[in-house]
Amino acid sequence: MIPASLQSQYTPLARPPSAARPAHVLLACTGSVASIKVPLMVQALLKYAHVHVHVVATKASLHFFDKDSLSPAPYTTSDLAALNRAAGTPEEAALHAQVPRVCVWTDEEEWSSWTQVGDPVLHIELRRWADLVLIAPCSADTLAKICHGLCDNVLTSFLRALSPSTPTWLFPAMNTLMYLHPFTAPQLEQVQTQLGYQVYGPISKRLACGDLVGTGAMCEWKDIVAMVVDHFGLQL
C-alpha cells in the first residue's frame, strides 16, 4: 500500500485533459537505435491539445537524436519542483500555462541540480509529475538493469522510485538473438508480474543492425502514439 502522501497530488485528469490540467507523459528512452523515433513520437503527441511530454534519456540514447532540438526552452529541476508543489492548489493551473510542453532530462541535470540537502532531486520530481510512463525503446541493457534493481542513471533511478500506481508501458527493442537470449523472456515476465508493467512487442521487421527480418524491433512509433491518445482521450 502506497501512503497517501506519496501518491500524486495533482488534480485528477479529465477526459480529454484540459489546459489547466494537461496529461503528463514521461517518455524514457534508452540505447537502442529505435531512439531515432523519439523526436517523431514527441512531435506527434504535441499536435494534440493539453499534453506535456518529458523525455528522460540515457547517455546512450542521445547518440540517436539531438536533445536540444526537442527542448529549446530552459527548464530546471527547481521549476519542475515548483510545479509539483503547486499540485492540487489554485496555483497549479497558472503554472501549467507557463511551463514548456516538452523538455529533455539527462544524467547531467540529475547531478547538477543538487548541491545540498533540501534541493530537489530530479528523479523524485519526475516520479511526482508522471501520469503515464513509456519506456520506448527499452534496450536489453536497461531491461536487465530494471530487473536487478540497478539505479545507475536518472532513468533507472526514476523507475525504481516510481509508484506502482503509475501506468508504465515497456516497448522492448533489440537484435533478434538478444531477444531470444534465455535471459530475456524471464525478465519481460518479471517486469509484468513483479512491477505491474505492461509489455508491448517487440515486432518482426527488417532490423537496423543489418539482419534481414527478425523479431526484436520496437512497436511502430505511430502505434505507440495512438495508444497514448486513446489512453487519455486526447483531441487535436
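Trainee: How much area does the protein expose, and what share do carbon and sulfur atoms supply?
Mentor: The protein exposes about 11,500 Å², and carbon and sulfur atoms supply 57% of that area. Accessible areas come from the Shrake-Rupley method with a 1.4 Å probe, and for residues only the protein chains shown count as cover.

Trainee: What kind of model is this, and how are residues numbered?
Mentor: This is a predicted model, in which local features need pLDDT of at least 70, side-chain atom pairs count only at pLDDT 80 or more, and totals for chains, interfaces and linings use all residues. Residues are numbered from 1 along each chain as its sequence is written, and side-chain values use heavy atoms, with hydrogens and water left out.

Trainee: What is the radius of gyration of the protein?
Mentor: The radius of gyration is 17 Å, which agrees with the value near 18 Å that a compact globule of 236 residues would have. The radius is taken over C-alpha atoms, and the globule rule is 2.2 Å times the number of residues to the power 0.38. Along the principal axes, the C-alpha atoms fill a box of roughly 55 × 40 × 35 Å.

Trainee: And how many helices and strands are there?
Mentor: There are 11 helices and 8 strands. Both are DSSP runs numbered from the N terminus: helices are H or I with at least four residues, and strands are E with at least two.

Trainee: What percentage of the residues is buried?
Mentor: Buried residues make up 50% of the 236 residues. Buried means under 20% relative accessible area, exposed means over 50%, and partly exposed lies in between, with a 1.4 Å probe and protein chains only.

Trainee: What share of the contacts joins residues 24 or more positions apart?
Mentor: Such residues account for 78% of the contacts with a separation of 6 or more. A contact means heavy atoms within 4.5 Å.

Trainee: Why is helix α6 described as largely enclosed?
Mentor: Helix α6 covers residues 122–129, and 6 of its 8 residues are buried, so the rest of the structure largely encloses it. Those buried residues are Leu 122, His 123, Glu 125, Leu 126, Arg 127 and Trp 129.

Trainee: Which elements do they pack against?
Mentor: They pack against strands β1 (23–29), β2 (51–57) and β3 (102–105), together with helices α3 (77–85), α5 (107–112) and α8 (154–161).

Trainee: Is Ser 112, in helix α5, buried or exposed?
Mentor: Ser 112 counts as exposed, at 56% relative accessibility. Its C-alpha atom is separated by 9.7 Å from that of Leu 122, 10 residues apart along the chain.

Trainee: Changing topic, how many disulfides does a search of the whole structure find?
Mentor: The search finds 0 disulfides, a disulfide being a pair of cysteine sulfur atoms within 2.5 Å. For Cys 103, the nearest cysteine sulfur is that of Cys 29, 12 Å away. For Cys 138, the nearest cysteine sulfur is that of Cys 147, 8.4 Å away.

Trainee: Are those two, Cys 103 and Cys 138, buried or exposed?
Mentor: Cys 103 is buried, with a relative accessible area of 3%, and Cys 138 counts as buried at 1% relative accessibility.

Trainee: Where are the cis peptide bonds?
Mentor: One joins Ala 136 and Pro 137, with omega about 5 degrees. Another joins Gly 201 and Pro 202, also with omega about 5 degrees. Pro 137 is found in strand β4 (residues 132–138), whereas Pro 202 sits in the loop between β6 (198–199) and β7 (203–205).

Trainee: Which residues does Tyr 179 contact?
Mentor: Leaving aside neighbours within four places in sequence, Tyr 179 is in contact with Met 174, Thr 184, Leu 188, Pro 202, Thr 215 and Gly 216. Tyr 179 lies in helix α9 (residues 176–180) and is partly exposed, with a relative accessible area of 25%.

Trainee: What about the phi of His 50?
Mentor: The phi of His 50 is near 60 degrees, a positive value in a residue other than glycine. Most residues other than glycine have a negative phi, and most peptide bonds are trans. His 50 is in the loop between α1 (38–45) and β2, and counts as partly exposed at 32% relative accessibility.
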